[in-house]
Amino acid sequence: MNFIEYADRDALMLDLADIIAGELRAALDHSDRASLCVPGGTTPGPIFDTLSGVPLAWDRIDILLNDERWVSETSDRSNTALLKRRLVTGHAAGAALIPLHTDVPTPEEGLDGLMPAVDAALPLDVLVLGMGLDMHTASLFPGADQLALGLSDDAPTLLAMRAPGAPEPRITLSAKALKSAVSTHILITGTEKRDALERARKLQPFDAPIAAFLQGATVHWAA
């Protein structure tokens, strides 16, 4: 694990956006398409804002979320809607946004229809992960109903996931799919999350799912 500490959050967001853009550009130099897998939530928003203004060959880039809440895009909890507002816009409007939600009642019912497009984007070129104070990442939560399968080497690309701390059912890429990435970046801010990361380094992934991704990852942190 490589750990980078930044002077402030603005510097972190700008630098990580620049790193991601460079890695996507390098991937496109060697392949017809590149893939970028990102977390939802408010923390990476400034990175999305910066990336959407970078002139890349976005029509050759696939963007997908690490995971999604099983809610409509009209919900203020939809990360798909967030990406459309803040990343798949401007220069990046031509990128292909791979869906992790469809109009069926449960994620279990949506898996078969969503899986092929996600499979086609693997292996990932650039992965950005977040982390909660409970040391979850994507929708791989401690105590989740399918966590053991989600962390397994035999896991499918996508899983439905339900967890005590998650108000809605979720759909998530498995650890196996996420770990296909050429480059992995973990984005955290604040002293509480740095402390949580230090705890995770001493735990097994079943208790701290982020621990499954630390080897070979770069952690970007600012207070």
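Which residues are buried in H4? That was my opening query on this predicted model, and I got Pro107, Gly110, Leu111, Leu114, Met115 and Val118. The spacing fits the textbook picture, I noted: an α-helix has 3.6 residues a turn, so residues three or four places apart point the same way.

Next I asked what the buried residues of H4 pack against. I found strand E3 (61-65), strand E7 (158-161) and strand E8 (170-173).

Then I checked the length of H4, which runs over residues 107-120. Its 14 residues reach 20 Å from first C-alpha to last, close to the 20 Å expected at 1.5 Å a residue. I also looked for a bend, and there is a kink of about 45° at Gly113. Pro116 follows shortly after that kink.

On to strand E9, residues 183-189. Buried or exposed? I counted seven of its seven residues as buried. I split them by face: Ser183, His185, Leu187 and Thr189 lie on one side, with Thr184, Ile186 and Ile188 on the other. Both faces are covered.

Which strands pair with E9? I have E6 (residues 126-129), parallel over four bridges, and E10 (residues 218-222), parallel over five bridges. For register, I wrote down Leu129 with Ile186 as its bridge partner in E9. On the E10 side, I have His185 opposite Thr218.

Last, I followed the chain from E9 to E10. Helix H7 (residues 191-200) joins these two strands in a β-α-β unit, and I logged its hand as right-handed.

Key
Residues are numbered from 1 along each chain as its sequence is written. This is a predicted model: local features need pLDDT of at least 70, side-chain atom pairs count only at pLDDT 80 or more; totals for chains, interfaces and linings use all residues. Side-chain values use heavy atoms; hydrogens and water are left out. Buried means under 20% relative accessible area, exposed over 50%, partly exposed in between (1.4 Å probe, protein chains only). Two strands pair if DSSP finds at least two bridges between them. A crossover is right-handed if, with the strands pointing away from the viewer, the path from the first strand over the helix to the second runs clockwise. The expected span of a helix is 1.5 Å times one less than its number of residues. The bend at a residue is the angle between axes fitted to the seven residues ending there and the seven starting there. Contact means heavy atoms within 4.5 Å.
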